[in-house]
Amino acid sequence: MHDLQATSIKYQNNTLYVLDQHQLPHIESWLPCESVDAMVAMIQKLQIRGAPLIGIGASLLLGHMAANGTSAAELQSAAEVLRAARPTAVNLMNNMDSMLAALHSFGPTALPAEAERLFHEDIALCDTLATLGAELIKANANILTHCNTGSLATAGVGTAIGVINAAHQQGKNIHVYIDETRPLLQGGRLTAWEMKQLGVAHTLICDNMAALLMRDGKVDCILVGADRIAVNGDFANKVGTYSLAVNAHHHNVPFYVVAPYTTVDVECLNGEQIPIEERAAAEVRGVSGSFGDVCWSPTDTPVFNPAFDVTPAALITGWILDKGVFNQDQINKGALKTL
């Protein structure tokens, strides 16, 4: 395979490396990934995260394995294990299906090129999303976002953050409110880090402060990413997104979801069919990162910890996809079925 470089994943000298996002923003540590077990562990620990990126990471690992002589049967098994690593993010499943289609049609020798194709495709998709979305952003806009949707979550410039960066590059003098994104603080740790890297004016807020800002007219629009979009327009994203959408609807704040076609599940009719991953109780009882581990509740406190929630299509102003920006009427007429 050829050498490849992105913000949070790279392939150099026949080795796949992942930037350990669990340690950000204070420690930038690149971890080698040589096995399926290692990649699954990294995905589940959120050392590699973001629906597009975990699909790319798994694909690059399969391409690497194929380039180093792994048999077709072993590659088939590896793809199936990787496909199941996170149940909600459909990009992973779509990318594994693409890799398996190449394997079944042309054999193991086709996988390195297919992995590289998916890597470069994601970069191009992000660029398209950024261009289309930036057209919707007005000068001096205050934008609110949730979780992390930038170059840490994709091979390219990101989805929602890609739009934000494009608007910034156009000189629109934007400002971004960043939800901290409990319980794992992807907003506070990762999006704040990316905003600083990009030079975008930003303010970090607790998740439960967003409605107050909307009430006071300080939010002009909301941009979020997605982990899976059903064909009726419902979508799953980091837990807390649904709450933002409800508040946006109440306060008449435009609410946009930004995602490539690889996030659309054409087999999923609506949000009720999206599986929601539940994660460890320790994530809610405390916090963990480069700073160490903290537990602030009694260690045996019962916990409910869904990683995602589903936002219904009725609450969404527009779907910013690589094929265009779609409104509710277009989605209701089946626009997602043809992507």
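**Entry 1. Backbone exceptions**

I began with Asn14, which is partly exposed, its relative accessible area being 37%. I note at once that the model under study is a predicted one. Asn14 is not a glycine, yet I read a positive phi for this residue, near 65°. I placed Asn14 in the loop that runs between strand E2 (9–12) and E3.

I then looked up Leu185, another non-glycine residue with positive phi, here near 60°. Is Leu185 buried or exposed? Leu185 counts as buried, because its relative accessibility of 18% falls under the 20% limit. I found Leu185 in the loop between E6 and H7.

For context, I recall that most residues other than glycine have a negative phi and that most peptide bonds are trans.

I turned next to the peptide bonds. Which residues does the cis bond with Pro183 involve? The bond joins Arg182 and Pro183, with omega at about 5°. Pro183 is in the loop between strand E6 (175–179) and helix H7 (186–198). I also recorded a cis bond leading from Leu24 to Pro25, where omega is near 5°. Pro25 belongs to the loop that links strand E3 (15–19) with strand E4 (30–33).

**Entry 2. The seven-stranded sheet**

I traced an open sheet of 7 strands with mixed pairing, in the order E7-E6-E5-E8-E11-E16-E17. At its edges I found strand E7 (201–205) and strand E17 (324–326), each of which pairs on one side only. From one strand to the next, the twist averages 25°.

I examined one pairing within this sheet. How do strand E8 (residues 221–224) and strand E11 (residues 255–258) run relative to each other, parallel or antiparallel? They run parallel and are joined by 3 bridges. On the E8 side I looked up Leu223, whose bridge partner in E11 is Tyr256.

I then listed helices that pack on the sheet. Helix H6 (residues 160–169) touches strand E5 (142–145), E6, E8 and E11, and its direction makes about 130° with that of E8. Helix H9 (residues 241–251) also packs on the sheet and touches E5, E6, E8 and E11; the angle between its direction and that of E11 is about 145°.

**Entry 3. Nonpolar cores**

I looked up the largest nonpolar core and found that it holds 42 residues. Ile9, Met39, Ile48, Leu62 and Leu82 have the most contacts inside it. At least two residues of this core come from each of E2, E3, E4, helix H1 (36–44), helix H2 (51–67), helix H3 (72–83), helix H4 (90–106) and helix H5 (111–134). Which element supplies the largest share? I found that H2 does, with 10 residues.

I followed Leu82 further. Setting aside neighbours within four places in sequence, I recorded contacts of Leu82 with Val36, Met39, Val40, Ala58, Leu61, Leu62, Leu92 and Met96. Apart from the largest core there is another, of 29 residues, which includes Ile222, Val257, Ala259 and Ile331.

I set beside this the general remark that nonpolar side chains tend to be buried together in soluble globular proteins.

**Entry 4. Phe119**

I located Phe119 in helix H5. Phe119 counts as buried because its relative accessibility is 2%, under the 20% limit. Beyond four places in sequence, Phe119 touches Leu4, Gln5, Ala6, Ile9, Ile56, Leu60 and Ala155. I also checked the separation of Phe119 from Tyr242, which is 123 residues away along the chain: their C-alpha atoms are 30 Å apart.

**Entry 5. Asn237 and charges over rings**

I found Asn237 in strand E10 (residues 235–238). This residue counts as buried, at 4% relative accessibility. Not counting residues up to four places away in sequence, Asn237 is in contact with Val224, Gly225, Ala226, Asp227, Ala307, Phe308 and Asp309.

Phe308 appeared again when I looked for charges over rings: the charged end of Lys238 sits over its ring, 4.7 Å from the centre. I recorded a further case at Trp30, where the charged end of Lys10 sits over the ring at 4.3 Å from its centre.

How many aromatic pairs does a search of the whole structure find? I noted that the search returns 1 such pair.

Notes
Residues numbered from 1 in each chain as written. Predicted model: local features only at pLDDT ≥ 70, side-chain atom pairs only at ≥ 80, totals over all residues. Heavy atoms only, no water. Helix = DSSP H or I, 4+ residues; strand = E, 2+ residues; numbered from the N terminus. Buried < 20%, exposed > 50% of the residue type's maximum accessible area, 1.4 Å probe, protein only. Contact = heavy atoms within 4.5 Å. Pairing = 2+ DSSP bridges. Axes fitted to C-alpha atoms, helices over the stretch in contact; angles between N-to-C directions. Core = buried A, V, L, I, M, F, W, Y, C linked by side-chain atoms within 4.5 Å. Phe/Tyr/Trp six-rings, centres within 6.5 Å; stacked < 30°, edge-to-face > 60°. Lys NZ or Arg CZ within 6 Å of the ring centre and 35° of its normal.
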